[in-house]
Structure formats: structure tokens, C-alpha cells
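Student: I would like a close look at one part of this protein, the enclosed empty space inside it. Please take me through it step by step.

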Amino acid sequence: MSRYRGPRLRLVRRFGKDVILPGLTTKKSIKEQPPGKAKASDMGGQKTTEYGIRLNEKQKLKFNYGLTEKQLFRYVKEARRRQGVTGLILLQLLEMRLDTLCFTLGFAKSIAQARQLVNHGHITVNNKVISIPSFQCRLNDVISVKERSVSKNLVTNNLKANQRNGIPANLEFNDAKLEATVLDYCDRDDVQLQLNELLVVEYYSRR
């Protein structure tokens with residue numbers, strides 16, 4: 001299955017007005033009812049199954065990080081293989097992707113925009129241009145903007161436009177150099193997405 005490229009606000013409405021997908025979009029829809037529901041009364045009388053709840057959590061994770069089904073399943077398998085809490089390790093793997101780190105640092109307003117930055121060769125890791133958004137960064141890696149005016153102006157403008165809530169403690173950012181160092185893996189509280197990652201692991205438990 002390919003990556004979702006449809007209307008983003010439609011997804012926000014689908015998961016509910018109280019659900020925030022920071023990596024997908026910061027916009028909010030003026031419509032409150034989910035897609036396909038003409039009015040609020042149409043939503044009554046429907047009970048979500050346990051499978052439906054787990055599927056919903058999995059879809060939130062998938063769309064927030066802009067992953068395909070195959071990619072997400074691969075991350076789940078890798079999280080299972082490592083020692084520790086599988087749900088937390090899964091989130092840490094996703095947060096260590098280069099496009100996610102660029103979004104976290106404020107280089108882009110969404111993960112999709114951060115992916116485009118990486119694809120176009122604006123970002124370097126340890127002074128080497130990396131054009132693979134899914135590149136898995138490691139501890140002590142230095143993420144910076146390519147040494148050219150186009151790249152620096154683009155990222156600087158994005159930093160001014162984006163309203164960052166603060167850089168997580170696992171990252172050290174130098175505003176003057178537009179350079180960040182990965183100090184550690186993120187904590188659960190540093191992940192902006194609100195979801196129950198345990199349900200995602202349970203969803204894939206039979207695969």
C-alpha cells in the first residue's frame with residue numbers, strides 16, 4: 001500500500017476533533033463530524049470493537065509519521081527484536097528517523113515537508129548529505145543544514161514560521177549554526193503524538 005497523499009483534514013475529522021496529529025498537520029477542520037456522516041446524530045448507536053480500537057491507534061501512528069503499511073510493520077518487527085518495552089522502542093525508532101528529527105527541530109512544519117527537505121538534499125548528517133528520509137540516526141550524530149544560502153534561508157524561514165514548544169532534552173540545538181546533536185533516545189513524554197502504542201503492538205501481535 002502506498003503512502004497516503006489525500007486530504008489531511010479529512011483524516012483529522014476521521015480520528016476525532018480532540019485527536020492531534022502534529023506530524024501530519026496543525027490545521028483544524030471547521031467540521032466536527034467524521035467523513036461520511038451528514039450530521040452528529042448519525043454517529044450514535046455505533047460501538048467500536050476492540051479490533052477497531054487497535055486499528056485506529058495503528059492508523060494514527062501510520063499517518064502521523066507518513067509511513068506505508070509495510071514500513072510500519074518493519075519497524076514493529078525491529079522493536080520486538082530489541083530488548084526493552086516494545087511500544088517505547090517503536091516510538092524511539094520512528095523519532096530517530098531523519099525526517100522526524102528535522103520536524104522536531106522545527107526545520108519544517110510537518111513530517112511531509114521535512115521529508116521533502118531531506119529528499120532535495122538540504123540536510124546533512126555528520127557533514128554528509130543524506131537524501132533518504134527514513135535514514136536512522138544514531139547517538140552523537142550531528143544533523144545540520146547544507147552549507148549553501150538556499151538551504152539555510154529555507155530552514156531559517158521555516159524556523160521563524162514554526163512555533164516550536166521547545167527542543168527535547170535528547171537533542172542539543174545550536175541556532176547560530178543550524179546544527180543539532182543527538183544526545184540520547186527520546187522519552188515517552190517527548191513524543192508529541194497522543195496514542196496508546198501498546199495497542200499498536202497488540203494489533204500486529206498475530207502477524
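Student: By class, how many nonpolar, polar and charged residues does the lining of the second largest cavity have?

Tutor: The model is a predicted one. In the lining of the second largest cavity, five residues are nonpolar, two are polar and two are charged. The residues in question are Glu-95, Met-96, Leu-101, Thr-104, Pro-168, Asn-170, Leu-171, Cys-186 and Asp-190. Sorting them by class, Met-96, Leu-101, Pro-168, Leu-171 and Cys-186 are the nonpolar members. Thr-104 and Asn-170 are the polar ones, and Glu-95 and Asp-190 carry the charged class. The volume of this second largest cavity is about 70 Å³.

The search behind this covered the whole structure and found two cavities of 30 Å³ or more. Rolling a probe the size of a water molecule over the atoms shows where empty space is left.

The other of the two is the largest cavity, with a volume of about 90 Å³. Its lining consists of 13 residues, and those nearest the centre are Tyr-65, Glu-95, Phe-103, Thr-104 and Gln-192. Two elements, helix H2 (50-65) and helix H5 (98-104), each give two or more residues to that lining. The greatest share is from H5, which supplies three residues. By class, the lining of the largest cavity has six nonpolar, five polar and two charged residues. It also draws on both domains: at least three lining residues come from domain 1 (8-93 + 192-204), and at least three from domain 2 (95-189).

Glu-95 and Thr-104 deserve a second look, since they appear in both lists: they line the second largest cavity, and they are among the residues nearest the centre of the largest one.

As for the setting, the protein has eight helices and five strands. Along the sequence, their order is α-α-α-α-α-α-β-β-β-α-β-β-α. Of its 207 residues, 45% count as buried. Among contacts with a separation of 6 or more, 59% are between residues 24 or more positions apart. The accessible surface comes to about 12,000 Å², and carbon and sulfur atoms account for 48% of that area.

One residue can serve as a last reference point. Thr-156 lies in helix H7, which spans residues 149-161. Thr-156 counts as partly exposed because its relative accessibility is 28%, between the 20% limit for buried and the 50% limit for exposed. Its C-alpha atom is 9.3 Å from that of Asp-175, a residue 19 positions away along the chain.

Definitions and conventions
Residues numbered from 1 in each chain as written. Predicted model: local features only at pLDDT ≥ 70, side-chain atom pairs only at ≥ 80, totals over all residues. Heavy atoms only, no water. Helix = DSSP H or I, 4+ residues; strand = E, 2+ residues; numbered from the N terminus. Buried < 20%, exposed > 50% of the residue type's maximum accessible area, 1.4 Å probe, protein only. Contact = heavy atoms within 4.5 Å. Areas by Shrake-Rupley, 256 points an atom, 1.4 Å probe, with all protein chains shown as cover. 1 Å grid on protein atoms, 1.4 Å probe; cavity = no way out; pocket = protein on both sides within 12 Å on 5 of 7 lines; lining within 4 Å. Points joined across faces, edges and corners; volume = space filled by probe spheres on them. Domains from an automatic or database assignment.
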